[in-house]
Amino acid sequence: MKKSTIPVKYGVLIAIGLVAYFLILSLFGVQTNPAFSLGNGFIVAFGLYRAMRDYKLEKGSAFEYQKGFMAGLFTGFNATLIFTIFFAIYVTNINTSFLPEMLANWSSHYHVGVGIVVFVAAIMGFATTFVLTLSFMQLFKESWNIKKKHNSHPIEA
């Protein structure tokens, strides 16, 4: 049985979408505004939904909840790893003033370095992936409900 390439394909596509969105925001100078990170959630949600839908179509009647869940997690984790690598390169080499601009919005007495910010970005991506995968699997799983017979009558006492 061949392994599915859907998690890699959609993981890369989601990461490309996230990078493009981030770069578009940076063109307008609003990449440090936390309100725009909501767009990341929509990009990841759309990509994960499509990946899990295509995985279910690929597997057909052999689709299993556990395998679909793992396909969703691997898709999101691939996207998160790729975007986190891009983000680390962007913050350290491309736009070194990004981190001070972003942290200026937070009043903090702690020293926050690049490593912590990149780590938090990765954790946020993993958490988003996990929650969205759990949510979407509710749409794709088979129901365990027993079908009711329409010709049955209630028992009268």
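Select Tyr49 and display its surroundings: leaving out residues up to four places away in sequence, Tyr49 touches Phe136, Leu139 and Phe140, where contact means heavy atoms within 4.5 Å. Tyr49 is found in helix α2; helices (H or I, at least four residues) and strands (E, at least two) are DSSP runs, numbered from the N terminus. Its relative accessible area is 32%, so Tyr49 is partly exposed; buried means under 20% relative accessible area, exposed over 50%, and partly exposed in between, with a 1.4 Å probe and protein chains only. Add Thr133 to the selection: the C-alpha atoms of Tyr49 and Thr133 are separated by 8.2 Å, although their positions lie 84 residues apart along the chain.

The model under view is predicted: local features need pLDDT of at least 70, side-chain atom pairs count only at pLDDT 80 or more, and totals for chains, interfaces and linings use all residues. Residues are numbered from 1 along each chain as its sequence is written, and side-chain values use heavy atoms, with hydrogens and water left out.

Next, select Phe136. Apart from neighbours within four places in sequence, Phe136 is in contact with Ala45, Leu48, Tyr49 and Met52.

Now widen the selection to the largest nonpolar core. A nonpolar core is a set of buried Ala, Val, Leu, Ile, Met, Phe, Trp, Tyr and Cys residues joined through side-chain atoms within 4.5 Å. Among the 33 residues of the largest one, Phe22, Phe83, Phe87, Phe98 and Phe136 touch the most other members. Each of α1, α2, α3, α4 and α5 supplies at least two residues of this core, and α3 provides the largest share, nine residues. In soluble globular proteins, nonpolar side chains tend to be buried together.

Proceed to Thr129, which lies in helix α5. Thr129 counts as buried because its relative accessibility is 0%. Not counting residues up to four places away in sequence, Thr129 touches Leu48, Gly72, Leu73, Gly76, Phe77 and Thr80.

Turn to helix α3, where two residues merit selection. Met70 lies in this helix and is partly exposed, with a relative accessible area of 36%. Met70 and Phe130 are 60 residues apart in sequence, and their C-alpha atoms are 10.0 Å apart in space. Thr84 is also found in α3, but Thr84 counts as buried, at 12% relative accessibility. When its neighbours within four places in sequence are set aside, Thr84 is in contact with Val118 and Ala122.

Select Ala121 in helix α5. Ala121 is partly exposed, with a relative accessible area of 23%. From C-alpha to C-alpha, Ala121 and Phe87 are 8.4 Å apart in space and 34 residues apart in sequence.

Ala121 leads on to the largest pocket, whose volume is about 740 Å³. On a 1 Å grid over the protein atoms alone, a pocket is an open set of points where a 1.4 Å probe fits, with protein on both sides within 12 Å along at least five of seven lines; lining residues have an atom within 4 Å of a point. Grid points are joined across faces, edges and corners, and the volume is the space filled by probe spheres set on the points. Of the 31 residues that line this pocket, Ser37, Asn40, Phe83, Ala121 and Met124 are the closest to its centre.

Colour the lining of the largest pocket by helix: α1 (6-28), α2 (38-59), α3 (65-94), α4 (98-103) and α5 (114-140) each supply at least two residues. The greatest contribution comes from α5, with eight residues. Colouring by class instead shows 19 nonpolar, twelve polar and no charged residues in this lining; Ala, Val, Leu, Ile, Met, Phe, Trp, Tyr, Cys and Pro count as nonpolar, Asp, Glu, Lys and Arg as charged, and the others, Gly among them, as polar.

Finally, show the whole protein. There are five helices and zero strands, in the pattern α-α-α-α-α along the sequence. Of the 157 residues, 34% are buried. Among contacts with a separation of 6 or more, 79% join residues 24 or more positions apart. By the Shrake-Rupley method with a 1.4 Å probe, in which only the protein chains shown count as cover for residues, the accessible surface comes to about 10,900 Å², and 68% of this surface belongs to carbon and sulfur atoms.
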